[in-house]
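Student: I've got a model open and I'd like to learn how its cores and cavities get their names. Can we go through it together?

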Amino acid sequence: MNNTVDEESTKYVLGNVSGTSTEHERLDDLHEAFRSYLGGNLSLAPLEELAKPKRILEIGGAWAIQAAETFSEAEVLAIDISPLPARSLPSNLTFKIVDLTRPFPAELHDERYDIVHARLVFIHLPHPEGIIRRIAQLVKPGGWLLLDDAYQPRTVECDPIRSPGLSSFWKLLQDSQRARDMDPFIGARFKEILQSTGLFSEVNAKEILLPLSNPGINVADGAFFNAAKLS
């Protein structure tokens, strides 16, 4: 089995940058920052309501290891565009290289997973709405789809008089992303997209404002702020 992705043909905007050791270290630090913010839990969602999930899908990230340790009787599949670094993995965790912009492999078929999780993935992908809709179909009835992502401030929210440099930066960045078919506001559209699929009886969204400077609020918000700086 060829377990690589052709960097010349992949549609990922960042290519295979996630395969570098420095990038893996950054992603591990990012996971630990989120884990601290979440009080050691996998999510803000009450996953304990699930009666022993049998199959869990993680799209990138170290979250898969924590999920495999938390639900030791479940089969956990982690997918990413780049291979995992050499590390010890729980026996119930397997990994497969998958390019989300291409047709899904056989393991990813409709209504297979009790939990599907993705963190800070879709803001980096071209045509993310279509990929989200395909991923939503992988969730079993009664299962959980957990999406954590960022969205950038709209240019109009940056005062061009008081902050001309920041306003120009966001405009240039967002124009560049749109030119690559990315959506800099995809995180703000998750609820609307998932409701429109008709696949879920309930869709909830929690929005957290992250200031660009040190928030100086409390330990939890500080941890989340540090996670944002790593993303």
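Student: What makes Leu57 and Leu77 contacts of Leu108?

Tutor: Contact means heavy atoms within 4.5 Å. Leu108 touches Leu57, Leu77, Ile79, Val98, Tyr113 and Leu138, leaving aside residues up to four places away in sequence. Bear in mind that this is a predicted model, where local features need pLDDT of at least 70 and side-chain atom pairs count only at pLDDT 80 or more, while totals for chains, interfaces and linings use all residues. Residues are numbered from 1 along each chain as its sequence is written, and side-chain values use heavy atoms, with hydrogens and water left out.

Student: Why is the set with Leu57, Ile59 and Leu100 called a nonpolar core?

Tutor: A nonpolar core is a set of buried (under 20% relative accessible area, 1.4 Å probe, protein chains only) Ala, Val, Leu, Ile, Met, Phe, Trp, Tyr and Cys residues joined through side-chain atoms within 4.5 Å. The largest one here has 28 residues, and among those touching the most other members are Leu108, Phe122 and Ile135. Helix H3 (128-136) is one of the elements giving two or more residues, and H3 gives the most, with four.

Student: Which residues belong to another core?

Tutor: Leu50, Trp63, Ala64 and Ala74 are among the 17 residues of a core lying apart from the largest one.

Student: How many cavities of 30 Å³ or more does a search of the whole structure find?

Tutor: One, with a volume of about 170 Å³.

Student: Which residues are closest to the centre of the largest cavity?

Tutor: His24, Gly61, Ala62, Leu84 and Arg87, out of 17 lining residues.

Methods: Buried < 20%, exposed > 50% of the residue type's maximum accessible area, 1.4 Å probe, protein only. 1 Å grid on protein atoms, 1.4 Å probe; cavity = no way out; pocket = protein on both sides within 12 Å on 5 of 7 lines; lining within 4 Å. Points joined across faces, edges and corners; volume = space filled by probe spheres on them.
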